[in-house]
Structures are given as structure tokens and as C-alpha cells.
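Q: Can you walk me through this one? I'd like to start with charges and rings, then see what's inside.

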Amino acid sequence: MATDLLADPEELAEWLGVDASDTKLLAALRAASRRFRGAVRHPVTLIEDDEVIIDGNGSESLLLPAAPVLDVSLVEVDGEELVAGTDYSWSADGYLRRLGGRVWPATLRSVRVINSHGYETVPEDIQGAVLDQARAIYAIQPGVQQKTVGAQSVTFGVQAATGVTAQWTEAVERHQLNRGDRP
């Protein structure tokens, strides 16, 4: 499975009855994968040794911009390296916490972190939601508002192009970061 895709093209091909190399199928799967990543606000798939610069917030906890966090190999504040277990601790949910009653500085771009995060194998609920969305995207004919063949008529409106299933909503809620605390 390509790393930019959050679901298997072969599985989508089975649903659609087309070849897994079909360009429209792959485009729909890429679009659904991008849409999911945008909705949850992180890459989802495994990224090792990712460097991020974070604004300090003056509190004892910071939230890293991806999850699940698998490892934190470096934390620096204004160029000074901190010691894990003494100066800070971290969680799989992406929290960095200062220890010993200390807080992060309340300055922009003051905290540098190198961490590994994401899923080596995409969770099944994400795969299912992305497959559902890709099937819907594949079926939509862009720019068509109404199509009539004989006595049958089909209309594709804005809702058909942007709607989501309950499965999608649940998967996004379960894997989403920064729920309302950042733009």
C-alpha cells in the first residue's frame, strides 16, 4: 500500500469492480486520504524522527501536533537540551509535561522537539472510513448537477460531493487532534 494512501487500493477495487490500478480509483483514494488527514489534523501514518518547533504557552503542558507519539528523542528550550524523566515527560497522546514545578516559556517558537509518531499499520476504522469516502468520491461526476437517461434521473448536489457517513465522523472524532484549541 502506498504511504500516501490510508486504505488498500485492492480492497477498493473489489468494491468498485475495477482494476486496482484504475486512475480514477487511485485519485478517489488519494482524495479521501487527504480529506481524512485534514479532518484529524495529523499525518496518521508512521513518521520517524520528525522535528517540530512549538510555541511555548507558559503552562506545564504542551501538545505535540501528531499522535500517537511513539518516542521523543529530543526536547530543547531556547537551544538548551532537556533531560527526559527529569525535566519533562511525554505521553502517547502527544502531551509534553514539564516536571519539578517548571513551565514551558511563554515565547513563540521556543521549544524544539524530535519525535516519532503515527501508525505503522493504519487502524481498521480509518481504513473503512477512507474506503467509504473513496467509493462516494469515485461515484460522483464532477460538475454534473443532474443526469437523465430515459425515464431515470440522478442529481449530484453539493451534499453528495461533501457528505460523510457516521463511520467517517466516528473515526475522525476518535483520531482527531487539537479539538478546538487551535485553528
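A: Start with a definition: a charge sits over a ring if NZ of Lys or CZ of Arg is within 6 Å of the ring centre and within 35 degrees of the ring normal. Also, this is a predicted model.

Q: OK, which Arg lies over the face of Trp104?

A: Arg98 does, at 5.2 Å from the ring centre. Arg35 lies over the face of Trp168, at 5.6 Å from the ring centre.

Q: New topic. How many aromatic pairs does a search of the whole structure find?

A: The search finds 1. Phe36 and Trp168 form it, edge-to-face. The centres are 5.3 Å apart, with 85 degrees between the planes.

Q: Where in the chain are those two?

A: In distant parts: Phe36 is in helix α2 and Trp168 in helix α5, 132 residues apart.

Q: Is Phe36 buried or exposed, and why?

A: Phe36 is buried, because its relative accessibility is 0%. Trp168 is buried too, with a relative accessible area of 5%.

Q: Now the core. How many residues has the largest nonpolar one?

A: It has 23. Leu6, Leu29, Phe36, Ile126 and Val130 have the most contacts inside it. Elements giving two or more residues to this core are α1 (9-16), α2 (23-40), α3 (124-139) and α5 (166-175).

Q: What does Val130 touch, leaving out residues up to four places away in sequence?

A: Val130 touches Leu6, Ala7, Leu29, Ala32, Ser33, Phe36 and Trp168. Apart from this core lies another, of 14 residues. Val69, Val75, Leu96 and Val113 are among them.

Methods: Residues numbered from 1 in each chain as written. Predicted model: local features only at pLDDT ≥ 70, side-chain atom pairs only at ≥ 80, totals over all residues. Heavy atoms only, no water. Core = buried A, V, L, I, M, F, W, Y, C linked by side-chain atoms within 4.5 Å. Buried < 20%, exposed > 50% of the residue type's maximum accessible area, 1.4 Å probe, protein only. Helix = DSSP H or I, 4+ residues; strand = E, 2+ residues; numbered from the N terminus. Contact = heavy atoms within 4.5 Å. Phe/Tyr/Trp six-rings, centres within 6.5 Å; stacked < 30°, edge-to-face > 60°.
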